[in-house]
Amino acid sequence: MNPRSSDSSALKRFKVLDLTRARSGPTCVRTLADFGAEVIRIESPAGLDPNEGAMGDRETFDMLNLHRNKRSITLNLKEPEAREIFYKLAAQADVVVENYRPDVKFRLGIDYDTLAAINPRIVLASISGFGEDGPYRKRPGFDQIAQGMGGMMSVTGLPGQGPVRAGIAISDSGTGMYAAIGILIALLERETSGRGQWVQANLLQSMISLCDFQAARYLIDGDIPAATGNDHPFSTPMGTFQSSNGHFNIGASGTKQYRSLCEVLNRLDLRDEPRYQQNPGRLQDRAFLNAELNQGFATNTTEHWVQLLNDAGVPCGPIYNMQQVFDDPQVQHLHAAVDLQHPRRGDIRVVAQPFKLSRTPSSVKFTQRDLGEDNDDILGELGYSSDTIAQFKLKKVI
């Protein structure tokens with residue numbers, strides 16, 4: 001098997017060199033790969049990467065989910081011959097994505113100026129923890145550190161509980177998505193200018209951006225947001241409530257929705273209370289209101305209330321564990337998981353792209369390749385003979 005790209009035709013004309021590791025970079029490149037770009041993942045030969053295994057065995061769920069639809073070549077970029085191979089690939093490529101520390105690309109000779117001299121149309125995307133310059137540029141970047149420094153942890157958790165991280169790597173994943181958007185913008189601009197450019201994204205600024213309204217709340221009003229637990233910071237009833245068999249979420253932020261909610265519970269006294277006809281009055285009495293509503297919800301199941309409230313036009317939904325997520329009929333209808341065949345793990349499922357294109361949808365064609373599985377094919381496409389490739393292996397160039 002010699003895979004070139006996924007079946008999607010959206011980005012089929014683009015070639016991407018993937019120098020990324022961990023999560024943010026692979027998330028970025030996965031988007032390009034799933035929409036048809038030919039992606040060549042470049043890794044260090046076995047035993048040469050000091051970070052090898054940092055995210056677990058190569059066949060863990062995480063690696064298989066992040067690295068589908070990518071061909072694999074090994075290059076020891078500290079060796080001149082390996083850099084020459086990389087430069088040949090870059091001369092034919094449209095995009096290079098890397099998430100080394102900012103100084104590493106210059107030491108290896110794969111910085112933007114160097115690559116642009118080889119290929120003026122190249123787009124280099126660099127992902128870092130704190131940015132390519134500034135006082136923190138050399139600091140290692142990790143998702144939880146960005147969550148803390150970007151404000152996320154200060155608004156997450158119960159009041160008085162102290163800072164709480166999100167249960168997902170939100171700054172990593174968010175940065176990967178922002179970087180992918182930046183790459184696509186650069187490719188669109190290139191159609192006019194004919195020139196590539198350097199796209200930069202970092203975990204810290206991505207986390208600040210993802211905080212969005214909470215960040216704007218401070219910037220515009222000078223208000224420093226605090227954690228409000230499962231309640232919305234300034235709308236109610238909008239949060240988590242408890243039924244006879246579990247918890248569920250309600251988003252009744254508007255007065256019409258609030259009144260419908262009270263009618264479902266047959267609490268016309270709460271519906272008609274003059275103070276509760278606007279959100280500020282309800283917000284002032286939120287603790288009392290939540291307690292009263294929970295008394296009513298305790299009389300029946302989550303499934304009962306989710307059905308009744310949605311029928312009444314009140315936004316409402318269950319709180320799922322991951323098994324329940326993928327068992328849900330709407331999730332199955334959306335095809336949020338993709339079936340794949342792995343040579344050793346057999347039938348597996350990975351997470352699908354969350355957005356759809358009507359004519360050129362994403363496609364997951366093949367699972368993560370073995371380390372260097374495509375060395376011979378890719379080097380052969382560059383014109384290297386089998387004898388030369390064998391010498392590269394002996395000298396640990398590949």
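**A walk from pocket to strands to surface**

The second largest pocket holds about 1,300 Å³ of space. Of the 39 residues that line this pocket, R30, N65, S173, V351 and A352 are the closest to its centre. The structure described here is a predicted model, and what follows should be read with that in mind. Empty space of this kind is revealed by rolling a probe the size of a water molecule over the atoms.

The lining of the second largest pocket draws on several separate elements, since α1 (24-34), α2 (61-66), α7 (170-193), α15 (322-327) and β11 (346-351) each supply at least two residues. Among these contributors, α7 gives the most, with seven residues in the lining of the second largest pocket.

Helix α1 deserves a closer look. Eleven of the eleven residues of α1 are buried, so this helix is largely enclosed by the rest of the structure. The buried set runs through S24, G25, P26, T27, C28, V29, R30, T31, L32, A33 and D34, and R30 in that set is also one of the residues closest to the centre of the second largest pocket. Just after α1, G36 takes a positive phi of about 105°.

From the pocket we can turn to the strands, where a series of parallel pairings can be followed from β1 through β4 and β5 to β6. Strand β1 (residues 15-18) pairs with β4 in the parallel sense over three bridges, and within this pairing L17 has V96 of β4 as its bridge partner. On to the next pairing, β4 and strand β5 (residues 123-128) also run in the parallel sense, here over four bridges, with V95 standing opposite V123 and V97 standing opposite A125. Strand β5 in turn pairs with strand β6 (residues 198-202), again in the parallel sense and over five bridges, and A125 stands opposite V199 of β6. A125 of β5 therefore has a facing residue in each neighbouring strand, V97 in β4 and V199 in β6.

How are the two faces of these strands covered? In a regular strand the side chains alternate between the two faces of the sheet. In strand β4 (residues 95-98), V95 and V97 lie on one side while V96 and E98 lie on the other, and all of them are buried, which leaves both faces covered. Strand β5 is mostly covered as well, with six of its six residues buried: V123, A125 and I127 point one way from the strand, whereas L124, S126 and S128 point the other way.

Charged contacts form another layer of the description. Side chains of opposite charge can pair when their charged atoms come close, and in this model the count comes to 28 salt bridges. One of them links E132 with K105, whose closest N and O atoms are 2.9 Å apart. Because E132 lies in the loop between β5 and α6 while K105 belongs to helix α4 (residues 104-108), this pair ties together parts that are 27 residues apart in sequence. Both E132 and K105 are buried.

The pair of D103 and R107 has another setting. Their closest N and O atoms are 2.8 Å apart in the salt bridge, yet D103 counts as partly exposed at 24% relative accessibility, and R107 is exposed, with a relative accessible area of 62%.

A further salt bridge joins D272 and R259, with the closest N and O atoms 3.7 Å apart. Since D272 lies in helix α11 (residues 268-272) and R259 in helix α10 (residues 255-264), the pair ties together parts that are 13 residues apart in sequence. Salt bridges that share partners join R259, E263, R271 and D272 into one network. Of these members, D272 is partly exposed, with a relative accessible area of 39%, and R259 counts as partly exposed at 27%.

The last stop is a nonpolar patch on the surface. Y136, F142, I145 and M149 together make a surface patch of about 370 Å². I145 lies in helix α6 (residues 143-149), and its relative accessible area of 38% makes it partly exposed. Residues three or four places apart in an α-helix point the same way, because such a helix has 3.6 residues a turn.

Notes: Residues are numbered from 1 along each chain as its sequence is written. This is a predicted model: local features need pLDDT of at least 70, side-chain atom pairs count only at pLDDT 80 or more; totals for chains, interfaces and linings use all residues. Side-chain values use heavy atoms; hydrogens and water are left out. Buried means under 20% relative accessible area, exposed over 50%, partly exposed in between (1.4 Å probe, protein chains only). Two strands pair if DSSP finds at least two bridges between them. Patches are made of residues with over 30% relative accessible area and no salt bridge: like charges are joined within 9 Å, nonpolar side chains (Val, Leu, Ile, Met, Phe, Trp, Tyr) within 5 Å. Accessible areas come from the Shrake-Rupley method with a 1.4 Å probe; for residues, only the protein chains shown count as cover. A salt bridge is a side-chain nitrogen of Lys or Arg within 4 Å of a carboxyl oxygen of Asp or Glu. On a 1 Å grid over the protein atoms alone, a cavity is a set of points where a 1.4 Å probe fits but cannot get out, and a pocket is an open set with protein on both sides within 12 Å along at least five of seven lines; lining residues have an atom within 4 Å of a point. Grid points are joined across faces, edges and corners, and a volume is the space filled by probe spheres set on the points.
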